[in-house]
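Q: I'm new to this one and would like a close look at a single part: the links between cysteines. Please walk me through some of them slowly, and show me what sits beside them.

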Amino acid sequence: MPKSLLSMLLFLLLCASMPTKSEFAADQALQGRLHGRRLLQYFGISSFDMRESRLVVSGGCLLDLATSMNRACALITETVPYYYIDPTTRTIQVNQTLTTSDVRWVCWGAAYTNPFPNIDISLYSDFSVGYGFKTMVTSCGVEIGTNFLACFGANDPSVSSTGAKIGGQADPPAGKFSQVSVGGLHACAITNFADTATSYRSNLVCWGNNRMGQTTVPAIVQVSILTTINYTYVQLGYEYSCALRSDNRLTCFGSDLDQSLDMPDRVLATNTKNGGYMSSGSSYGCCHDCSQCDCSTVSHAGVGARCLEQQRISVTWYHTCAIRAGCDVQCQGKNPKCTSGSLSTWYAKDTSCFCNSCVRPHEMECWGYNAWGNANAPPGKFKVVKADVDFTCAIYAECNNKDVLDVVVPGTGKSQCQLANNIVCFGRNNQGQVSPPSDMCNGAAQARLEAEARLNNTIFATPAPPTPRPACICTPQGCDCLGEYPRLQFESACRPRCHLLLSLLVCGLLLLAQS
């Protein structure tokens with residue numbers, strides 16, 4: 001036998017006896033691409049507490065609001081599925097690793113112009129901008145680290161009736177402070193530092209123009225030697241000031257033009273009406289005594305640990321809106337009863353508490369200037385309110401089966417749970433400030449519609465006919481060569497008998513070659 005033919009036969013036999021792969025490598029192209037939650041920070045809006053971005057909302061998608069003159073913004077959170085078309089099943093599928101969760105600001109109304117573009121407000125723990133007459137704009141911030149106040153912009157110093165010089169709104173007092181607010185021609189700040197509070201005989205300090213008594217802080221009458229009542233949050237209008245107290249009363253003082261101080265059920269804050277007014281009961285703000293109300297529950301926004309006083313009141317030039325406190329706050333010291341759980345976990349799932357003194361919890365109240373209906377508070381329960389000049393926006397509260405129940409909200413045609421975390425705006429609309437985008441919570445629904453459109457427009461290719469398989473050449477002794485089976489299947493079925501025959505054939509050929 002020629003040696004070339006013998007070598008070819010040996011090569012073919014060795015190839016036939018080599019092991020073959022029966023699996024294909026999986027596609028790993030999309031693995032490892034994780035998209036976490038991204039928080040888009042807009043430093044021009046400081047009202048949002050960053051912990052909200054880590055908590056789930058139900059119903060709508062709104063977390064917080066901000067307003068500036070004729071402009072409004074909403075902080076929204078959305079999870080948008082990543083849809084793709086599976087060509088095998090011809091259906092829409094979701095790739096979880098590419099699904100995005102996004103927290104961002106959405107704004108509408110007049111264009112925004114930053115009045116202090118050269119100030120890096122990330123250096124301040126709290127920052128406030130006040131608009132005075134015409135072009136008078138002033139800002140103040142609490143410096144991070146030192147807690148000192150720094151003010152910029154317009155200043156309006158004045159002289160008292162006795163000839164004493166009175167500093168303007170951009171002349172902040174010395175000391176350490178925690179929160180600040182600027183009005184038209186005056187400013188106020190809260191201090192949580194004992195030495196500063198002692199030096200001013202109040203933890204609320206105001207300065208600037210005082211022609212309407214807007215910087216004369218009403219002294220708090222202490223009713224117990226065991227606890228001290230302090231101011232906890234302050235916001236300013238043009239020539240008046242409003243502040244929440246730790247006993248959950250609201251105090252407003254200064255100009256009463258357009259009934260700016262005309263809060264519901266008000267009483268005198270001091271012995272005279274010149275000393276301002278305060279609410280008659282503990283009806284506003286958040287819980288401050290964790291033994292008497294809920295400071296911990298995080299299940300629902302606007303209550304418990306997620307109650308933020310900067311979201312519960314909004315003071316503008318001439319009108320104010322406030323959201324009434326929840327039942328845990330209103331029932332403090334009024335014989336609340338718990339059949340399960342305790343007062344400190346009022347909103348927790350397994351707690352059941354009640355009292356007869358809770359009046360209209362989480363409802364919104366507005367008073368003052370109302371030429372455009374900006375103080376006509378709508379029905380429903382709310383968790384956030386923001387207002388400016390002549391309009392107001394608010395976010396509906398989440399149902400909690402405690403003091404926010406799933407009932408139909410008059411005038412909406414929807415229930416409270418359906419409206420939860422959605423927005424309502426009212427008042428003047430000359431710049432579109434009360435017309436929020438109707439689709440800002442529709443990211444997931446829009447992504448699905450786009451995927452369905454792609455599916456409807458996709459032309460799936462007709463599968464190609466299978467490639468004819470060549471006849472199997474196995475051995476001279478007559479292996480199955482009809483091509484009825486794939487080569488790998490035939491070889492798998494042939495072993496080990498075929499391999500034994502092939503080995504014998506190799507040995508025979510080698511003996512022939514030697515002879």
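A: Let's start with the word itself: a disulfide is a pair of cysteine sulfur atoms within 2.5 Å. What you are looking at is a predicted model, in which local features need pLDDT of at least 70 and side-chain atom pairs count only at pLDDT 80 or more, while totals for chains, interfaces and linings use all residues. Residues are numbered from 1 along each chain as its sequence is written, and side-chain values use heavy atoms, with hydrogens and water left out.

Searching the whole structure turns up 14 disulfides. We'll visit a few, including the one that joins C61 to C441, with an S to S distance of 2.0 Å. The C61 and C441 link is left-handed, at -80 degrees about its S-S bond. Where are its two ends? C61 is in the loop between β1 (38-39) and β2, and C441 is in the loop between β29 and α6 (443-456), so this pair ties together parts that are 380 residues apart in sequence. (Helices here are DSSP runs of H or I with at least four residues, strands are runs of E with at least two, and both are numbered from the N terminus.)

How well hidden are those two ends? Buried means under 20% relative accessible area, exposed means over 50%, and partly exposed is in between, using a 1.4 Å probe and protein chains only. C61 is buried, at 3% relative accessible area. C441, at 26%, counts as partly exposed.

Now for a link between two strands. C140 and C151 form a disulfide with their sulfur atoms 2.1 Å apart, and with 110 degrees about the S-S bond this link is right-handed. C140 is in strand β8 (residues 137-143) and C151 is in strand β9 (residues 149-153), so the pair ties together parts that are 11 residues apart in sequence. Both ends are out of sight: C140 is buried at 0% relative accessibility, and C151 is buried too, at 16%.

While you're here, look at the loop between β8 and β9, because that is where N147 is found. The phi of N147 is near 65 degrees, a positive value in a residue other than glycine.

Next stop, C321 and C366. Their sulfur atoms are 2.1 Å apart and form a disulfide, and the link is right-handed, with 110 degrees about the S-S bond. C321 is in strand β21 (residues 319-323) and C366 is in strand β24, so this pair ties together parts that are 45 residues apart in sequence. C321 is buried, with 0% relative accessible area, and C366 is buried at 16%.

Strand β24 (364-368) has a loop beside it worth a glance: H362 is in the loop between β23 (352-354) and β24. H362 is a buried residue, with a relative accessible area of 2%. The side chain of H362 also has a partner, since a polar contact of 3.1 Å joins it to the side chain of R312. (A polar contact is a pair of N or O atoms within 3.5 Å; within protein, one must be able to donate a hydrogen and the other to accept it, and residues adjacent in sequence count only if both atoms are side-chain atoms.)

Let's head back to β29, which we met with C441. N421 is in the loop between α5 (416-419) and β29, and although N421 is not a glycine, its phi is positive, at about 60 degrees. N421 is buried as well, with a relative accessible area of 0%.

Some of these strands also feed a nonpolar core, meaning a set of buried Ala, Val, Leu, Ile, Met, Phe, Trp, Tyr and Cys residues joined through side-chain atoms within 4.5 Å. The largest such core has 16 residues, and L62, L65, W108, C393, I423 and M440 have the most contacts inside it. Two or more residues come from each of β2 (62-68), β3 (71-80), β6 (100-109), β26 (391-396) and β29 (423-427). There is also a second, separate core of 14 residues, with Y240, L244, C252 and I313 among them. As a bit of background, nonpolar side chains tend to be buried together in soluble globular proteins.
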